[in-house]
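Visitor: Could you take me through one part of this model up close? I would like to look at a small sheet and at what can be found on the surface.

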Amino acid sequence: MSMTKGRIALLTLLSGLSLPASAQQDVVEAAAAPTPSASDGSPAASDVDMAAIPVQGPVSEDAGTPARERSASRLIEEVVVTAQKREENLQDVPISIQAFSADALDAKGIDDPKALQLTVPGLQYNLFAGYSLIYIRGVGTDAFIPSADASIATYIDNVYYPFGHSLASSFGAVERVEVLKGPQGTLFGRNSTGGAINIVTKDPGPSAETSVLISGGRFDQLNARVYTNMPIVDSLAVSVGAIYNTEENYYSRSADSPRGVFPKEKTKGGRLKLAWTPIDDLKVVLAATSLNVDGAQSMMLPATDVKPLGAALGVSEAPAYQTSIDAPVYISTKAAIFSGDIKYSTPWFDTRAIVANQHITSPALADYDGSSQPLFTFESIGQFADVFTGELQLLSNQDTPFADRFKWIAGLYYIDSSAGYDPLYFSAAPGALSYLAAPTGPLTGLTSPLISFLKNTPGVGSLLDYVDNGVTLGLEGVLDTKSTAGYFQGTYDITDWLAATLGGRYQVETRDLVKSNVNLATDPSSGDAGTRLIRYPTQSAHTSNFSPKAVLDFKPAEDQLVYLSYTQGFKSGTYNIINIYTPTQYIKPEKVTAYELGYKTTLLDGHLRFNTAVFQNTIKDLQVQTISLTSGGAVKFETAGGARIRGADFDATWEFLPEWVPGLVFTAGGAYLKGIYTSYKEGSGFDEQTGLYFDGTIFPNRDFTGNKVVRTPKFSGNSGLGYGMDVDSGSIEVAADVYYNSGFFYSAQNTETASEDSYYVLNARASYFHKAWGTRITAFVKNINGGKYSYVKQELDFGTANLLAPPRTYGLRLNWDF
C-alpha cells in the first residue's frame, strides 16, 4: 500500500551536487579582475566563462564590486531559470515561478523538499506511506500507489520522475530549485496539472573543486555529503557525489506497544557524472545514480479519533509523537537511475536528446489499524517501478532566422513504464472480523449489511471464512504505460514591449492493466503470490489529448512585466490495480484549465523584487482517492465531477536599507485560496457517527458538491528577516522566519477528524563564514515554538491516521569548500 521514500530521497541524491556556497568571494574577486582582451580590444570569450559567474545585482560605483556581494547577503540574487527549456532571467519569464540557488536554500534553512512549503506560498508538501503528496494552488493528489499519477511533475536535470515514492528526503547539494505554479502541460507534459518542481544540478566542469557538508542535531541526526569535480583533460570532467544521512525516529512507541524502538532512518547513495565536450558545439553528459533509503517513519499510521469499529476491536489513541503499532513497520527503497543528455548546436537551431532509465524497488510494511492490536497489515514486498523516458528537443538559438523577434522550441517525448505490486500481502489476524459478524453487539445492526454483502458476493463468501480464521492474501496489480507526445511553443516579440506566446502539446497514451489477481499466500517469506482465488480480467485504455497554451505579456516600464495566460493540463486516466472483492475500475483522465494575470517588478536599483498573480483553476473529472477495507480493495479511486479554485499569491524580497545597513533583507510571501467542489454528487467517506465506510456499494454515496477542496488553506504565508555582515575574516549571517497556515481539510467530506487547524512555525539560524578556510558553520533551530501540525491525516476504518511533522529540532552544520 506504500511505494517508498523513493522520489524524495531520490532528490537527495540526484540533486546532491552543486556550486560550493563558499566560492562566492573568489567569484567576486575574479569578476573584479581585469578581463583579457582579444586583438580588437573586445573581451576574449574563450578566456571568460560568463556562465560560471552568477549575476548578483547592481554594481557599486565606488568599489567596482557587486553591491549585493558587499552586503554579504545570500537572500538577494538574480536567478536564471529554465522554465521554458532555455536559460532566462526569472523576472523575464511570464510564468509564476519561485526559484532558489544552492546558497539561497542554505540561507533559508531549506534542506529537504518538505521544507519548501514554508517559503513557497500556496505549496503543500505532505508525506504518507513513503509518497510525496504535493499540491500547488490547491491542485494536487493524495494518491500513494504505483498506478496513481502525481499532479505536480518533478524533474531532475530534465528527467521526469513519474512516481512519488521517496521524493521527500534531503535535497543534497543542488545548483537551483524552481517551483513552477499552474499547469505546465505544453513543455512539462502529462501530470503537471498543478505545476512542476524542476531541480537542476551542476555538470562537471573544467575547474577542480570539492564540497563537504556535515550536520548533526537532535534525534541523533547525522547528515554527511561530499562532492568533488575532477577535470581529466580540457574536454572531459568527472564529478562524484555521495550522501549518508541517519537519524532516530522522532516518534516513540507508547507503553502498550509490544515492540521496542524503531529502526533508524537512513539514506545513503552515490552519483557519478561525466561531461565530455569533444568540440565546441557538442556536449555529452552521462550520469549514474544509486540510492538506498531505509526507515519506518512514513509507514507509521498513528491512530487518532478512533472510530466505533476501532474501539470495539481494542484500538486506542496514542499521545502526540507516540504510536502503539504492533507490527514491525519498515520501508526500504532501492533506486538505480541512468541518464544521458546530448546537446548539439548548429547555425540554424540547437538539438538536445535526453534519455533515462529508472529501476526502483520499494518493499514496505504498514500496520493498517495503527494500534497495539494484531489486526491488519499490508506488506508491499513486490512494489516496483521500471521507467524509460526519451525526449528530443529542437530550440531556436541566436543564429536562427528571425531570432531577434521569434524564439521557439519543438519536441518529441516518449515514456514506457511498468509499475505495481507483484505482490502486495494483506494479512488479517484470526478473529479480526468475528466481531462484525457476531449475532449480538453494539455494531451488529450496522455491520450486518456489510457481512451479508460479502458472504453473498460470488467468490468472496469462502474468502471471508479464510479472513476470519486468519489469512494472508497475495494481491497482484501491475499497470503498463506507453505514451508519446509532440509539442511546440513559440514567442513572438510584436514590439519591444509586447510579446505573444502560443504553444500546444498533443499526446497519445495506452495504459494496460496486465495483472489484477487475488491469491491465498501460504508462504509470504518466499515472495510468491500464492494460490489463485480470483482473477480479474486484464484491461486496456487508449486516450489522446491536446493541451494548449496562450500568453500575452508586455513591459509597461523598465524592469516590469505584466502577463495574461491561458493554459491547460492533462492528468492520465488510471486503474484501481488492487482489488479484493470488486472488479477493476478505470478512472477517467483529469483536466485543468487555468487563467492567470501576473505582475513582476524589480525596483530600487534591484534591491526590491515583487511578484504577484491572480488566478483561477477549473478542474474536470478530479481524481480522488479513499482508503477502506470495505471499498473492495483497501485503496479506491473515484472521480469528482469538477472543482474550481480561485486565488492570488505574491512573493517579495527587499534589501530595504542598502546604504545604511547593507545586507539587511526582508522576505515575504502569501497565498489566498478559495476552492470548492462544483460537482461531486457521488462521494465516498466515513459516517461521522458509526465510522462505517460509504461508497454506494453497501451504504449510499453522499453529495459533496459545495465542500471545500482538500489542502486549500484560505491563507498561507511566510515572512523573514536576514542580516549578513562582512568582517575581516569572512562574514556573519543571522536570519529568522515564520510560516503561517490558516488550516484546511484533508478529505473531500470536510470532516473535522481529517482537518488541519491553523498553525505557525518559527525557525532561526546563525552562521559564520571563514574566508581563508572556505568554511561556514551554522547553528539552527527549527519549529522553535513547537507547533503541532501534520504531514498528513488519512481517515481509515478504525480511526484517523495522523503523522505529525517534527517537533522542535536544533543542530550544527559545517560546510567546507576547497
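**A small sheet and two surface patches**

Guide: Happy to! Let us begin with one residue: arginine 646 has a relative accessible area of 42% and is therefore partly exposed, since that class lies between the 20% limit for buried and the 50% limit for exposed. Please keep in mind that this is a predicted model. Arginine 646 belongs to strand E34, which covers residues 634-655. Together with Lys674, Lys708 and Lys714, Arg646 makes up a positive patch on the surface.

Now to the sheet. Three strands form an open sheet in the order E17-E45-E44, and their pairing is antiparallel. Strand E17 (303-304) and strand E44 (790-795) are at the edges; each has a single partner strand, so one side of each has no neighbour in the sheet. In general, strands of a sheet pair through backbone hydrogen bonds, in a parallel or antiparallel way. Here, E17 pairs with strand E45 (residues 800-804) in the antiparallel sense, over 2 bridges. If you want a spot to zoom in on, take threonine 304, whose bridge partner in E45 is threonine 800.

Finally, there is a nonpolar patch on the surface, formed by Ile214, Leu222, Tyr244, Ile777, Leu812 and Leu814. Together these residues have about 510 Å² of accessible area. One of them, isoleucine 777, sits in strand E43 (residues 775-782). With a relative accessibility of 40%, isoleucine 777 is counted as partly exposed.

Terms used. Residues numbered from 1 in each chain as written. Predicted model: local features only at pLDDT ≥ 70, side-chain atom pairs only at ≥ 80, totals over all residues. Heavy atoms only, no water. Patch = residues over 30% accessible without salt bridge, like charges linked within 9 Å, V, L, I, M, F, W, Y side chains within 5 Å. Areas by Shrake-Rupley, 256 points an atom, 1.4 Å probe, with all protein chains shown as cover. Salt bridge = Lys/Arg side-chain N within 4 Å of Asp/Glu carboxyl O. Lys, Arg positive; Asp, Glu negative; His and termini not counted. Charge placed at Lys NZ, Arg CZ, Asp CG, Glu CD. Helix = DSSP H or I, 4+ residues; strand = E, 2+ residues; numbered from the N terminus. Buried < 20%, exposed > 50% of the residue type's maximum accessible area, 1.4 Å probe, protein only. Pairing = 2+ DSSP bridges.
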